[in-house]
Amino acid sequence: LGIGALLWAVLALVGLTLLPQPEGAVLAAMALVLMMRGANARWVLIGLERSVPVGWSRTAGEVLTALIVVIGVRGTGDLGLVPLAQFAGDALGALALLVVLRRMGFALPVRVDWHEVRGAFRGGWPLVLHATLAMLSFNADLIILRFFRDMATVGQYAVAYTLVSYLANLGSAFAVSVLPALSREWGIGYADLLKYAT
């Protein structure tokens with residue numbers, strides 16, 4: 001949540017001062033979702049191999065976002081409603097998972113254990129770097145295209161790329177879902193290896 005708030009501040013500043021408008025203002029508003037993504041506890045449930053509540057919470061959030069967009073967006077003047085709809089959907093998803101965790105017996109509010117945080121950063125940086133570079137390469141075309149073409153061209157390109165984006169996200173969803181099971185199996189195998197080595 002803290003990292004999301006910091007990133008929102010940076011992106012809002014860049015969007016409002018350096019980027020062409022209205023895209024810069026939309027980016028500043030859209031970056032609000034980073035805080036809700038940071039507050040989302042799906043990683044806890046995925047780590048516990050409980051992916052069903054994660055799927056349902058994501059579905060509920062996306063349905064809320066879609067309803068707000070379908071009901072409220074009637075023209076280009078309503079563009080500012082789209083980031084707010086996404087923020088509302090992500091907030092619903094995050095809140096739903098916090099309720100699930102509470103019912104499972106996890107204490108809320110969550111306390112920060114800085115020792116664990118440092119360990120996660122030390123051990124997880126390759127995964128974070130991989131995801132960051134993948135997203136950068138995945139979205140760089142839209143950013144570069146906007147500097148050389150008009151908004152309509154970028155919009156048509158983005159719409160045409162929607163199917164590719166959907167299919168790519170299917171692979172990501174599968175990878176995230178099986179990562180805890182693979183990690184557990186690797187841990188068991190590593191422990192067995194150490195036992196036999198001694």
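Biologist: At roughly what angle do the axes of helix 1 and helix 2 cross?
Modeller: Keep in mind that this is a predicted model. Helix 1 covers residues 2-17 and helix 2 covers residues 23-30, and their axes come within 7 Å. The crossing angle is roughly 170°.

Biologist: Are helix 1 and helix 2 roughly parallel or roughly antiparallel to each other?
Modeller: Their axes cross at roughly 170°. Angles over 145 degrees count as roughly antiparallel. Helix 1 and helix 2 are therefore roughly antiparallel.

Biologist: Which residues of helix 2 meet helix 1, and how many residues of that contact are charged?
Modeller: From helix 1 come Trp8, Leu11, Ala12, Gly15 and Leu16, and they meet Gly24, Ala25, Leu27 and Ala28 of helix 2. Sorted by type, the residues of this contact give 7 nonpolar and 2 polar, and the number charged is none.

Biologist: Which residues does Met35 touch, leaving aside neighbours within four places in sequence?
Modeller: Look for Met35 in helix 3, residues 33-39. Its C-alpha atom is 4.4 Å from that of Gly4, though the two residues are 31 apart along the chain. With those neighbours left aside, the contacts of Met35 are Leu1, Gly4, Ala5 and Trp8.

Biologist: Is Asp90 buried or exposed?
Modeller: You'll find Asp90 in helix 6. Not counting residues up to four places away in sequence, Asp90 touches Val33, Met36 and Arg37. Buried means under 20% relative accessible area. Asp90 has 9% relative accessibility, so Asp90 counts as buried.

Biologist: Which helix gives the most to the largest nonpolar core?
Modeller: That core has 7 residues in all: Ala41, Val44, Leu45, Ile46, Val54, Leu97 and Leu101. Helix 4 (42-47) and helix 6 (81-103) each supply at least two of them. With 3 residues, the one giving the most is helix 4.

Biologist: Stepping back, how many helices and strands does the chain have?
Modeller: Reading along the sequence, you get the pattern α-α-α-α-α-α-α-α-α. The count is 9 helices and 0 strands.

Biologist: And what share of the residues in the chain is buried?
Modeller: Start with the outside: the chain exposes about 14,100 Å², and carbon and sulfur atoms supply 73% of that. The chain has 198 residues, and the buried share is 15%.

Biologist: Among contacts between residues at least 6 apart in sequence, what percentage join residues at least 24 apart?
Modeller: Met35 and Gly4 make a handy example, being in contact while sitting 31 residues apart along the chain. For the chain, the percentage is 63%.

Technical notes:
Residues numbered from 1 in each chain as written. Predicted model: local features only at pLDDT ≥ 70, side-chain atom pairs only at ≥ 80, totals over all residues. Heavy atoms only, no water. Core = buried A, V, L, I, M, F, W, Y, C linked by side-chain atoms within 4.5 Å. Buried < 20%, exposed > 50% of the residue type's maximum accessible area, 1.4 Å probe, protein only. Helix = DSSP H or I, 4+ residues; strand = E, 2+ residues; numbered from the N terminus. Contact = heavy atoms within 4.5 Å. Areas by Shrake-Rupley, 256 points an atom, 1.4 Å probe, with all protein chains shown as cover. Axes fitted to C-alpha atoms, helices over the stretch in contact; angles between N-to-C directions. Parallel < 35°, antiparallel > 145°, perpendicular 65-115°, else oblique. Nonpolar A, V, L, I, M, F, W, Y, C, P; charged D, E, K, R; others polar.
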